[in-house]
Amino acid sequence: NFEKNILKKKIAEVDRFSKHLIIKFEDSSNLMIHLGMSGTIHLINKSRKKNSITNTSFYHSPLLPKKHNHVEIKIDNFKLIYNDPRRFGYFSYFKNDEDIHNNFKKYGPEPFDPLFNKNYIFNYFKNKKKNIKNFLIDQNFVSGIGNIYASEILYYCKINPFKQAGQLNIKEKKNIV
């Protein structure tokens, strides 16, 4: 029912949460897109030259490799094309705002959310034996951080990724924030 659910809907807003792109429609329904590890969104302007740059991400080929196109959505003079050679990404449709909010309840705060602070970390890490790198990529603890960002954070903070979260000192916890 994917096509039927979004056919002829007007986009009210485009937003994001964590690692998800959210297209909000005027009727309060939502389309959530997760790019996975290798997915990209391409925007094709029908009035431009065929070989113009289409990739909206900052990596991989700037041109559209058609072999792995999985979703194509036509919007006025544009086409939005989801391309993913590994097929780890996905699209989900939510009938209303409440449904999509419920989907995100299990996620922790985002890194720049005021809720993600030293008190949150201090309380969350008490007596935890799991290593700090696994905590940083755990979306229940903090949402939106993947493997690369977790590695960069720990390198910048000079924290061993295998150190148990419960053994971090106050300075290390503050540095993570």
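Strand 2 and strand 3 of this predicted model run antiparallel and are joined by five bridges. One of the pairings in this part of the sheet places His20 opposite His34, the latter being the bridge partner in strand 3. The hairpin formed by strand 2 and strand 3 has four residues between the strands, and within that hairpin Ser28 takes a positive phi near 75 degrees. On its other pairing, strand 3 is joined to strand 7 (residues 90-94), again by five bridges and again in antiparallel fashion, with Phe94 of strand 7 serving as the bridge partner of Asn30.

Strand 3 itself, which spans residues 30-34, is mostly covered, since five of its five residues are buried. In a regular strand the side chains alternate between the two faces of the sheet. In strand 3, Asn30, Met32 and His34 point one way while Leu31 and Ile33 point the other way, and all of these residues are buried.

The loops around these elements hold several residues that merit individual description. Ser18 is found in the loop between strand 1 (11-17) and strand 2 (20-25), and because its relative accessibility is 9%, below the 20% limit for burial, Ser18 counts as buried. What does the side chain of Ser18 reach at 3.0 Å? That partner is the backbone nitrogen of Gly144. When residues up to four places away in sequence are not counted, Ser18 touches Tyr107, Glu110, Gln139, Ser143 and Gly144, so that Gly144 appears both as a contact of Ser18 and as the residue whose backbone nitrogen the Ser18 side chain reaches, a contact being defined as heavy atoms within 4.5 Å.

Asn160 lies in the loop between helix 5 (147-157) and helix 6 (170-176). The side chain of Asn160 reaches the backbone nitrogen of Phe162 at 2.8 Å, and the C-alpha atom of Asn160 is separated by 8.5 Å from that of Lys133, a residue 27 positions apart from Asn160 along the chain. With a relative accessibility of 45%, Asn160 counts as partly exposed.

Two further loop residues have positive phi values without being glycine: for Asp76 the angle is about 50 degrees, and for Asn127 the angle is near 60 degrees. Asp76 is placed in the loop between strand 5 (69-75) and strand 6 (78-83), whereas Asn127 lies in the loop between helix 3 (118-125) and helix 4 (132-137). Asp76 counts as exposed because its relative accessibility is 73%, and Asn127, also at 73%, counts as exposed as well.

The relative accessibilities of the loop residues are set out below.

| Residue | Relative accessibility | Class |
|---|---|---|
| Ser18 | 9% | buried |
| Asn160 | 45% | partly exposed |
| Asp76 | 73% | exposed |
| Asn127 | 73% | exposed |

As for the chain as a whole, there are six helices and seven strands, and from the N terminus on the elements run α-β-β-β-β-β-β-β-α-α-α-α-α. Of the 177 residues of the chain, 36% count as buried. Among contacts between residues at least 6 apart in sequence, 52% join residues at least 24 apart. The accessible surface of the chain comes to about 11900 Å², and 53% of this surface belongs to carbon and sulfur atoms.

Terms used:
Residues are numbered from 1 along each chain as its sequence is written. This is a predicted model: local features need pLDDT of at least 70, side-chain atom pairs count only at pLDDT 80 or more; totals for chains, interfaces and linings use all residues. Side-chain values use heavy atoms; hydrogens and water are left out. Helices (H or I, at least four residues) and strands (E, at least two) are DSSP runs, numbered from the N terminus. Buried means under 20% relative accessible area, exposed over 50%, partly exposed in between (1.4 Å probe, protein chains only). A polar contact is a pair of N or O atoms within 3.5 Å; within protein, one must be able to donate a hydrogen and the other to accept it, and residues adjacent in sequence count only if both atoms are side-chain atoms. Two strands pair if DSSP finds at least two bridges between them. Accessible areas come from the Shrake-Rupley method with a 1.4 Å probe; for residues, only the protein chains shown count as cover.
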